[in-house]
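Here's a quick briefing to read with the structure open beside you. Have a look at the chain, then go through the points by topic.

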Amino acid sequence: YSPPVSELLKLGRPDGGRENVDYRALGIGSEHVPDLIRLMRDESLWQTEDEPPEVYAYIHAWRALGQLRAEAAIEPLLDLLVDQEGDDWNDWVTEDVPQALAEIGVPALAPTLARLANRRPGQEAV
């Protein structure tokens, strides 16, 4: 990942509320949305036994996408929620991703409602 997105690999576990990092102040802007989406989806970073700082980069990535109100991130964020079925729930995803979608705002409503309308019987996530 190129700077400033690569800086998210160093931030470590998020503390406190969602407002504790101003990602724009780190130099992250709308031009970084594709890299942020790629980072958010990079399972190689968050499937590790120990907890190096980069294991939390995916959380910072979707929080940055929320702050940027990145409409391009709506479907990838919804995809993260869909992946949370069965016994493999990730509390960060189930609690934090809906907040990122809420930050994106009104543009996230129609895709979310479409996902809900097209759920399979018994499917728990959108």
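## Asp79 and its surroundings

Asp79 counts as partly exposed, since its relative accessibility is 30%, and that falls between the 20% and 50% cut-offs for buried and exposed. Keep in mind that this is a predicted model. Asp79 sits in helix α4, which runs over residues 74-82, and the points below start from there before moving on to the rest of the chain.

**Who Asp79 meets**

- Leaving out residues up to four places away in sequence, Asp79 touches Arg41 and Arg115.
- Arg41 is 38 residues away along the chain, yet its C-alpha atom is separated from that of Asp79 by 9.6 Å.
- With Arg115, Asp79 makes a side-chain salt bridge at 2.6 Å, N to O.
- Arg115 belongs to helix α6 and Asp79 to helix α4, so this pair ties together parts of the chain 36 residues apart in sequence.
- Salt bridges with shared partners knit Arg41, Glu75, Asp79 and Arg115 into one network.

**More on the salt bridges**

- How many salt bridges does the structure hold? The count is 6.
- Arg115 also pairs with Glu75, and the closest N and O atoms there are 2.6 Å apart.
- That pair links distant parts of the chain, with Arg115 in helix α6 and Glu75 in helix α4, 40 residues apart.
- Is Arg115 buried or exposed? Arg115 counts as buried because its relative accessibility is 19%, and the cut-off for buried is under 20%.
- Glu75 is partly exposed, at 38% relative accessibility.
- Elsewhere, Lys10 bridges to Glu7, with 3.3 Å between the closest N and O atoms.
- Lys10 is exposed at 58% relative accessibility, whereas Glu7 is partly exposed at 32%.

**The chain as a whole**

- The protein chain has 6 helices and 0 strands, so to speak an α-α-α-α-α-α pattern when read along the sequence.
- Of the 126 residues, 46% are buried.
- Take the contacts between residues at least 6 apart in sequence: 74% of them join residues at least 24 apart.
- The chain exposes about 6900 Å², and carbon and sulfur atoms supply 50% of that area.

**Helix α3, on the inside**

- Helix α3 covers residues 57-67, and 11 of its 11 residues are buried, so the rest of the structure largely encloses it.
- The buried residues of α3 include Ala57, His60, Arg63 and Gln67.
- What covers them includes α1 (33-41), α2 (43-46), α4 and α5 (91-104).
- His60 is in helix α3 and is buried, with a relative accessible area of 2%.
- Beyond residues up to four places away in sequence, His60 touches Leu8, Leu11, Gly12, Pro14, Val21 and Tyr23.
- Just past the end of α3, Arg69 has a positive phi of about 55°.

**Aromatic pairs**

- Searching the whole structure turns up 2 aromatic pairs.
- Tyr56 and Trp92 make an edge-to-face pair, 6.2 Å centre to centre with 70° between the planes.
- Tyr56 is in the loop between α2 and α3 and Trp92 is in helix α5, so the pair ties together parts 36 residues apart in sequence.
- Tyr56 is buried at 6% relative accessible area, while Trp92 is partly exposed at 23%.
- Tyr58 and Trp62 have ring centres 5.2 Å apart and planes at 80°, so this pair is edge-to-face.
- Tyr58 and Trp62 both lie in helix α3, 4 residues apart, or about one turn of the helix.
- Both rings belong to buried residues: Tyr58 has a relative accessible area of 5% and Trp62 has 0%.

**Helix α1, one side in**

- In α1, the buried residues are Val33, Leu36, Ile37, Leu39 and Met40.
- These residues cover an arc of only 160° around the axis, which puts them on the same side of α1.
- An α-helix has 3.6 residues a turn, so residues three or four places apart point the same way.
- The cover over the buried residues of α1 includes α2, α3 and α4.

**A nonpolar patch outside**

- Val106, Leu109, Leu113 and Leu116 make up a nonpolar surface patch, with about 400 Å² of accessible area together.
- Leu116 is in helix α6, residues 109-117, and counts as partly exposed at 37% relative accessibility.

Technical notes
Residues numbered from 1 in each chain as written. Heavy atoms only, no water. Helix = DSSP H or I, 4+ residues; strand = E, 2+ residues; numbered from the N terminus. Buried < 20%, exposed > 50% of the residue type's maximum accessible area, 1.4 Å probe, protein only. Contact = heavy atoms within 4.5 Å. Areas by Shrake-Rupley, 256 points an atom, 1.4 Å probe, with all protein chains shown as cover. Patch = residues over 30% accessible without salt bridge, like charges linked within 9 Å, V, L, I, M, F, W, Y side chains within 5 Å. Salt bridge = Lys/Arg side-chain N within 4 Å of Asp/Glu carboxyl O. Phe/Tyr/Trp six-rings, centres within 6.5 Å; stacked < 30°, edge-to-face > 60°. Arc of directions from axis to C-beta.
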